[in-house]
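Pull up the model and let's walk through it together. We'll begin on the inside and work our way out.

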Amino acid sequence: MKWSHVAKHWHAFVPNILTQWPDLDSDEVEATEGELGPFLDHLCEVSGMSREDARDEVSEWLEGTDPADAVMDETRDNERIIASARSMHPGEDAYSDDSEFGDDDSKDGRDDN
């Protein structure tokens, strides 16, 4: 994602930013109004990192951030399932029944509710 998208929807991204960098002051983050320079200045001031390192962290964060409409897009479901393999148990298949791995409420894979 590009910073311009974040800046355009700044108030929607602030909670995510504060989750990523919990030491930042929420009022200061809000006050930057999505301008990258002031945001980087605040990040550097609070974290003590160099501007280059702060810019790199923000770039990494942008690479991993998907807008809500992309996350909810049904055409990306298989892509998301495949991507979930990074955090799965080594023997688990992304398309398999999860009951063997303790992810379901019952042993047979059906939810008894």
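In this predicted model, the largest nonpolar core has 18 residues, and the ones touching the most other members are Ile17 and Phe39. Who contributes to this core? Helix 1, helix 2, helix 4 and helix 5 each put in at least two residues.

Click on Phe39 and look around. Leaving aside residues up to four places away in sequence, Phe39 touches Trp3, Trp10, Ile17, Trp21, Leu24, Val29, Thr32 and Val58. So that you can place it: Phe39 is one of the buried residues of helix 4, along with Leu40, His42, Leu43 and Cys44. The cover over those buried residues includes helix 1 (3-8), helix 2 (10-20), helix 3 (26-31) and helix 5 (51-64).

Now follow helix 4 itself. It takes in residues 36-47, 12 residues in total, and spans 16 Å from first C-alpha to last, close to the 16 Å expected at 1.5 Å a residue. Right after helix 4 comes glycine 48, with a positive phi near 80°.

Time to zoom out. The protein has seven helices and zero strands, and along the sequence the pattern reads α-α-α-α-α-α-α. Of its 113 residues, 25% count as buried. Take the contacts with a separation of 6 or more: 27% of them are between residues 24 or more positions apart. As for the outside, the protein exposes about 7900 Å², with carbon and sulfur atoms supplying 46% of that.

Notes: Residues numbered from 1 in each chain as written. Predicted model: local features only at pLDDT ≥ 70, side-chain atom pairs only at ≥ 80, totals over all residues. Heavy atoms only, no water. Helix = DSSP H or I, 4+ residues; strand = E, 2+ residues; numbered from the N terminus. Expected span 1.5 Å × (residues − 1). Buried < 20%, exposed > 50% of the residue type's maximum accessible area, 1.4 Å probe, protein only. Contact = heavy atoms within 4.5 Å. Areas by Shrake-Rupley, 256 points an atom, 1.4 Å probe, with all protein chains shown as cover. Core = buried A, V, L, I, M, F, W, Y, C linked by side-chain atoms within 4.5 Å.
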